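Colleague: I'd like a close look at just one part of this protein, taken slowly. Please start at the bound molecule and work outward from there.

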Amino acid sequence: MIGILGGTFDPIHFGHLRSALNCLQGLSLTEVRMIPLNVAVHRPQPQASAAQRMRMLQAALVNQTDLTLDSRELQRSGESFSYDTLTALRAELGTDIPLCLLLGTDAFANFLTWHRPYDILELVHLVVMTRPNDTSITNSALSALLQKHGCSEHTVLNTAPAGRILRYSQATQLAISSTQIRQLIAQGFSPRYLLPDAVLAVIEYEQLYR
Ligand code: ATP
């Protein structure tokens, strides 16, 4: 079973890394692929360039062989639709292996506005990682989706390649966001201890987010 964590990673921080590692270990994944987006669909574009975000991810993932960097979206022009990425991954990995798309509750709250969400559920499971300050899900269509596809045991994910939704609360709650890190730097404060030192070194070298 493979995990997939997509994001802007502008910059990558311990909230991403810790929850990826929690899912890797807690769900017995063989690997978590970190996939930085190229052109955002539902949010402002990243401040750092694709090359700079890649450099930060590479710095963060040194010596961590189970968390891997997958740059396919950066190599594709146009908007980065998860559906396209997951279709390409499926074509490579075959139809049998369970794939788990890992996402925070904030991302899940908008899931039904994504491009072809119901088709995405035919390609992968969703693992919704709770995040500090999460608000409860009030959207009725999303509640119905959870009702239909939700499961409470992670072992269920192994029994099918796709189609289930697990709300996963075992991940360490770290109230860290890329927005907070960018704001700290813009205000002249250090974001140290919110992200790996090696990532901070890239930010300082590239003079990012000032
Ligand atoms: P921004 O503040 O710029 O919106 P972010 O910190 O939310 O960025 P993204 O790169 O947009 O980071 O997030 C990628 C994925 O990681 C999303 O599914 C998001 O919900 C999840 N994520 C981000 N931070 C955390 C965290 N602290 N704990 C759990 N999941 C997180």
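How far is an oxygen atom of the ligand from a polar backbone atom of Phe-9?

Modeller: That distance is 3.0 Å. Before we go on, remember that this is a predicted model, where local features need pLDDT of at least 70, side-chain atom pairs need 80 or more, and totals for chains, interfaces and linings use all residues. Residue numbers start from 1 along each chain as its sequence is written, and side-chain values use heavy atoms, leaving out hydrogens and water.

Back to the ligand. Phe-9 isn't alone: a backbone N or O atom of Gly-104 also lies 3.0 Å from a ligand oxygen atom, and for a polar backbone atom of Ser-178 the distance to an oxygen of the ligand is 2.8 Å. (A polar contact is a pair of N or O atoms within 3.5 Å.) On its own the ligand has 600 Å² of accessible area, and the protein covers 91% of that (Shrake-Rupley method, 1.4 Å probe). There are 22 residues around the ligand, and the nearest are His-16, Asp-106, Leu-174, Ser-178 and Thr-179; to be near, a residue needs a heavy atom within 4 Å.

Let's follow Gly-104 into its strand, S4, which runs over residues 99–104. (Strands are DSSP E runs of at least two residues and helices are H or I runs of at least four, numbered from the N terminus.) S4 is largely enclosed by the rest of the structure because 6 of its 6 residues are buried. "Buried" is under 20% relative accessible area, "exposed" is over 50%, and "partly exposed" is in between, with a 1.4 Å probe and protein chains only. Leu-99, Leu-101 and Leu-103 point one way from S4, while Cys-100, Leu-102 and Gly-104 point the other way. That's the usual pattern: in a regular strand, side chains alternate between the two faces of the sheet.

Now look at who sits beside S4. One neighbour is S5 (residues 125–129), paired with S4 in the parallel sense over 5 bridges; DSSP has to find at least two bridges before two strands count as paired. Find Cys-100 and you'll see that its bridge partner in S5 is His-125. Further along S4, Leu-102 has Val-127 of S5 as its bridge partner. S1 also pairs with S4, again in the parallel sense, over 4 bridges. Here Ile-4 stands opposite Leu-101 of S4.

S1 is worth a stop too. It's mostly covered, with 5 of its 6 residues buried. S1 also pairs with S2, in the parallel sense over 6 bridges, and there the bridge partner of Gly-3 is Val-32 in S2.

Zoom out and these strands join up into an open sheet of 7 strands with parallel pairing, in the order S3-S2-S1-S4-S5-S7-S6. S3 (67–69) and S6 (150–151) are the edge strands, each pairing on one side only. Helix H1 (residues 14–26) packs on this sheet and touches S1 (2–7), S2 (31–36), S3, S4, S5 and S7 (165–168). Helix H3 (residues 82–93) lies across S1, S2 and S4.

Between S1 and H1 there's a loop, and Pro-11 is in it. Check the peptide bond joining Asp-10 and Pro-11: it's cis, with omega about 5°.

Finally, step from Gly-104 to Thr-105, which belongs to helix H4 (residues 105–109). Is Thr-105 buried or exposed? With a relative accessible area of 7%, Thr-105 counts as buried. Leaving out residues up to four places away in sequence, Thr-105 touches Val-128, Met-129, Thr-130, Arg-131 and Asp-134, where touching means heavy atoms within 4.5 Å.

For contrast, turn to Tyr-193, in the loop between H7 (178–186) and H8 (197–206). Tyr-193 counts as exposed because its relative accessibility is 64%. Its phi is near 80°, a positive value in a residue other than glycine. Gln-207, in the segment after H8, also has a positive phi, near 55°, and is exposed at 52% relative accessible area.

Notes: Axes fitted to C-alpha atoms, helices over the stretch in contact; angles between N-to-C directions. Polar contact = N/O pair within 3.5 Å; in protein donor to acceptor, adjacent residues only side chain to side chain.
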